Amino acid sequence: MCAKIAGTDYEDVGKFVAMAIQQMEKVHGKPKEKVDSGKTGDGQPYFINEYPATKSYSQWERVAYIQLPKAVAYIVFSARDEASYRKIFRRSTKCLNRSPT
């Protein structure tokens with residue numbers, strides 16, 4: 001798992017995701033878009049795209065995109081095989097819904 005801020009160049013999650021999908025399509029194919037959505041524990045809206053493994057990219061990934069007040073954050077949940085991916089699949093939403101401590 002890795003988490004990053006997209007940078008201050010991207011304040012709109014929709015624009016950032018469109019750019020990210022365009023870059024990933026070349027290697028990873030088109031994702032299953034918005035397989036889940038909601039609000040984080042502190043009220044920030046998020047949605048999740050799913051990137052299944054392909055012949056050219058063996059990782060299974062879910063990416064949570066979170067709209068922050070002046071930035072976009074994203075968290076990548078990644079697994080090497082489908083069985084491991086299915087285990088983290090359920091945990092990814094729980095992680096996002098936790099309240100900050």
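**Figure 1. Contacts of A6 in the predicted model.** Leaving aside neighbours within four places in sequence, A6 is in contact with F16, V72 and Y74. The model shown here and in the views that follow is predicted. A6 sits in the loop between β1 (2–5) and α1. Along the chain, A6 and V72 are 66 residues apart, while their C-alpha atoms are separated by 5.4 Å. Two of the contact partners of A6, F16 and Y74, also appear in the lining of the largest pocket.

**Figure 2. The whole protein chain, for orientation.** Two helices and five strands make up the secondary structure of the protein chain. Their order along the sequence is β-α-β-β-β-β-α. The protein chain has 101 residues, of which 35% are buried. Of the contacts between residues at least 6 apart in sequence, 46% join residues at least 24 apart. The exposed surface of the protein chain is about 6,400 Å², and carbon and sulfur atoms supply 52% of that area.

**Figure 3. The largest pocket and its lining.** The volume of the largest pocket is about 160 Å³. Its lining consists of F16, A20, Q23, M24, Y51, Y57, E61, V63, Y65, Y74 and V76. At least two lining residues come from each of α1 (13–28), β4 (60–68) and β5 (71–79). Which element gives the most to the lining of the largest pocket? The answer is α1, with four residues. Sorted by class, the lining holds nine nonpolar residues, one polar residue and one charged residue.

**Figure 4. F47 in strand β3.** F47 lies in strand β3 and is buried, with a relative accessible area of 11%. Because the limit for a buried residue is under 20% relative accessible area, F47 falls in that class at 11%. Apart from neighbours within four places in sequence, the residues in contact with F47 are V13, V17, K34, D36, S37, V63, A64 and Y65. For one of these partners, D36, the C-alpha atom is 5.6 Å from that of F47, and the two residues are 11 apart in sequence. V63 and Y65, also among the contacts of F47, belong to the lining of the largest pocket as well.

**Figure 5. Y46 in strand β3.** Y46 is placed in strand β3. Is Y46 buried or exposed? With a relative accessible area of 4%, Y46 is buried. Y46 and L68 are 22 residues apart along the chain, and 9.2 Å separates their C-alpha atoms.

**Figure 6. K34 and its backbone angle.** K34 lies in strand β2. The phi angle of K34 is near 50°, a positive value in a residue other than glycine. Most residues other than glycine have a negative phi. K34 is exposed, with a relative accessible area of 55%. K34 is also one of the residues in contact with F47.

**Figure 7. The salt bridge between E50 and K32.** Side chains of opposite charge can pair when their charged atoms come close. The count of salt bridges in this model comes to three. In one of them, the side chains of E50 and K32 meet at 3.4 Å, N to O. This pair links distant parts of the chain, with E50 in strand β3 (residues 45–51) and K32 in strand β2 (residues 32–39), 18 residues apart. E50 is buried, at 5% relative accessible area, whereas K32 is partly exposed, at 46%.

**Figure 8. The salt bridge between K30 and E33.** The side chains of K30 and E33 form a salt bridge with an N to O distance of 3.2 Å. K30 counts as exposed, with 55% relative accessibility. E33 counts as partly exposed, with 42% relative accessibility.

**Figure 9. The salt bridge between R86 and E82.** A salt bridge joins the side chains of R86 and E82, at 3.3 Å from N to O. How many residues apart in helix α2 are R86 and E82? They are four residues apart in helix α2 (residues 82–97), so about one helical turn separates them. R86 is partly exposed, with a relative accessible area of 32%. E82 is likewise partly exposed, and its relative accessible area is 39%.

How values were computed:
Residues are numbered from 1 along each chain as its sequence is written. This is a predicted model: local features need pLDDT of at least 70, side-chain atom pairs count only at pLDDT 80 or more; totals for chains, interfaces and linings use all residues. Side-chain values use heavy atoms; hydrogens and water are left out. Buried means under 20% relative accessible area, exposed over 50%, partly exposed in between (1.4 Å probe, protein chains only). Contact means heavy atoms within 4.5 Å. Accessible areas come from the Shrake-Rupley method with a 1.4 Å probe; for residues, only the protein chains shown count as cover. On a 1 Å grid over the protein atoms alone, a cavity is a set of points where a 1.4 Å probe fits but cannot get out, and a pocket is an open set with protein on both sides within 12 Å along at least five of seven lines; lining residues have an atom within 4 Å of a point. Grid points are joined across faces, edges and corners, and a volume is the space filled by probe spheres set on the points. Ala, Val, Leu, Ile, Met, Phe, Trp, Tyr, Cys and Pro count as nonpolar, Asp, Glu, Lys and Arg as charged, and the others, Gly among them, as polar. A salt bridge is a side-chain nitrogen of Lys or Arg within 4 Å of a carboxyl oxygen of Asp or Glu.
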